[in-house]
Amino acid sequence: LTASQTYSGKLTVITNGGISEVAVRLDVVSIPLASGPFQGAASPRQLAERMRANPKQAAPLLESGEIARWFQLNGWTYPVSGPPARGVAAVQQFFEGMGLSKPPALQLSEQELHFFCTPPEVVQGRITLRTTAKKWVYAQVDSDKLWLRVTTPTVSGPQQAQVAFEIDSTLMEAGGLHLGTVYLTANAGQKLAVRVQVNCTRPYEPLTHRLLRPFFVGALLALMLRLLLTGPADLYARSWGQTADAAWA
C-alpha cells in the first residue's frame with residue numbers, strides 16, 4: 001500500500017443468524033527518511049522543501065539512489081526515470097520530475113556536423129547543450145552507429161554542458177559517405193538529435209603500387225594454385241611410376 005493514504009473496506013459475515021457487515025479503515029503512515037541531512041522527512045513535498053534550502057547536500061543522496069529507495073519503501077512512484085544526473089543537476093532533475101520546477105527550453109550548438117577522415121584516423125567532435133534560463137541542464141547521450149562513439153554518456157552543467165564524441169574510421173568502409181546520429185535525452189525527457197555526416201576517403205597510394213597490384217595479386221594466386229596442385233601431381237607421378245615398374249617386371 002502507498003504511504004500517507006487512507007484505505008477503507010468492508011467485511012461481510014454470513015451466518016445462520018443473518019448477514020453482518022463490518023467497516024474497516026486503515027491509515028498507512030509513511031516511513032520517515034532514516035538518515036542524512038534530511039533525516040525525518042515524512043513526505044516527498046517535505047523533502048523537496050528541505051532540498052530547496054540545501055541543494056548541495058541533496059545531490060549525493062540522489063546520485064547514490066538513497067532517495068529512490070526511500071520512495072520505493074513507501075510505495076511512492078519515483079519521479080525520475082533512468083540514471084540520475086550528476087551534482088546539483090540531480091536536484092534540478094528531481095524537482096522537474098516532481099512538477100515543482102519548469103524544465104528550461106533547450107537548444108544545441110549544431111544540428112548537423114560534417115567531417116572528413118582517412119583510416120586509421122580517429123576524429124574528435126563536440127556539441128554544446130545549452131539554455132538561456134538560469135538553470136542546470138543535463139542529458140543522457142547515445143549514438144546509433146558503432147563508429148560514432150560517445151565519450152561523455154552523461155553530461156550536466158549550469159546553463160550548458162559539453163557533449164564529446166569521436167569518429168573511428170577503422171570501423172568504417174573507406175571511400176564512401178557515412179551518416180550517423182547523436183541522441184540526447186535531456187531535462188524532463190526532452191529529445192534532441194544531431195546528424196553526423198562523415199566522408200571517409202581511402203589512404204593515399206602511389207601510382208606504381210596501384211599499377212603493380214594486379215600483377216602481384218595474379219602472381220600470388222598462381223603460387224597458391226601451384227601449391228595446391230603439387231600434392232596431387234606428385235602423388236599421381238608416384239603412382240604412375242609404380243605401375244610402370246610393375247609392367248616392366
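**Close-up views of a predicted model**

**View 1. Helix H4 lines the second largest pocket.** H4 provides four residues to the lining of the second largest pocket, the largest share. The structure shown here is a predicted model. This pocket has a volume of about 150 Å³. Look for its lining residues: Arg52, Pro55, Val88, Val91, Gln92, Phe95, Leu100, Ser101 and Trp136. Six of the lining residues are nonpolar, two are polar and one is charged.

**View 2. The largest pocket holds about 240 Å³ of space.** Its lining has 14 residues, and those closest to the centre are Ser81, Gln93, Ala186, Ala188 and Gly189. Which elements each supply at least two residues of this lining? They are helix H4 (88-98), strand E6 (136-143) and strand E10 (176-186). H4 gives the most, with three residues. By type, the lining of the largest pocket splits into six nonpolar, seven polar and one charged. Empty space of this kind is revealed by rolling a probe the size of a water molecule over the atoms.

**View 3. The largest nonpolar core has 29 residues.** Nonpolar side chains tend to be buried together in soluble globular proteins. In this core, Leu129, Ile167 and Leu184 touch the most other members. Strands that give two or more residues to the core include E4 (112-117), E5 (122-130), E7 (148-150) and E9 (160-168). E6 and E10 are also among them. Strand E11 (190-200) is another, and E11 gives the most, with five residues.

**View 4. Leu129 and its contacts.** Set aside the neighbours within four places in sequence. Leu129 is then in contact with Leu106, Gln107 and Leu108, among others. Its contacts also include Val137, Tyr138 and Ala139. Gln159, Gln160 and Ala161 are on the list too. So are Leu184, Ala186 and Leu192.

**View 5. A second core stands separate from the largest one.** This second core has 23 residues. Among them are Val28, Ile67, Trp70 and Phe94.

**View 6. Two cysteines without a disulfide.** How many disulfides does a search of the whole structure find? The search finds zero. For Cys117, the nearest cysteine sulfur is that of Cys200, 4.1 Å away. Cys200 is likewise in no disulfide, and its nearest cysteine sulfur is that of Cys117. Why does this pair not count? A disulfide needs the two sulfur atoms within 2.5 Å, and these lie 4.1 Å apart. In general, a disulfide is a covalent bond between the sulfur atoms of two cysteines. Are these cysteines buried or exposed? Cys117 is buried, with a relative accessible area of 3%. Cys200 is buried too, with a value of 0%.

**View 7. A cis peptide bond joins Pro119 and Pro120.** Its omega is about 5°. Most peptide bonds are trans. Pro120 sits in the loop between E4 and E5.

**View 8. Ser4 and Ala188 have a positive phi.** Most residues other than glycine have a negative phi. Ser4 is not a glycine, but its phi is about 60°. Where is Ser4? Ser4 lies in the segment before strand E1 (5-15). Its relative accessibility is 44%, so Ser4 counts as partly exposed. Ala188 is not a glycine either, and its phi is about 55°. Find Ala188 in the loop between E10 and E11. Ala188 is partly exposed, with a relative accessible area of 48%. Ala188 also appears in View 2, among the residues closest to the centre of the largest pocket.

Methods: Residues are numbered from 1 along each chain as its sequence is written. This is a predicted model: local features need pLDDT of at least 70, side-chain atom pairs count only at pLDDT 80 or more; totals for chains, interfaces and linings use all residues. Side-chain values use heavy atoms; hydrogens and water are left out. On a 1 Å grid over the protein atoms alone, a cavity is a set of points where a 1.4 Å probe fits but cannot get out, and a pocket is an open set with protein on both sides within 12 Å along at least five of seven lines; lining residues have an atom within 4 Å of a point. Grid points are joined across faces, edges and corners, and a volume is the space filled by probe spheres set on the points. Ala, Val, Leu, Ile, Met, Phe, Trp, Tyr, Cys and Pro count as nonpolar, Asp, Glu, Lys and Arg as charged, and the others, Gly among them, as polar. Buried means under 20% relative accessible area, exposed over 50%, partly exposed in between (1.4 Å probe, protein chains only). A nonpolar core is a set of buried Ala, Val, Leu, Ile, Met, Phe, Trp, Tyr and Cys residues joined through side-chain atoms within 4.5 Å. Contact means heavy atoms within 4.5 Å.
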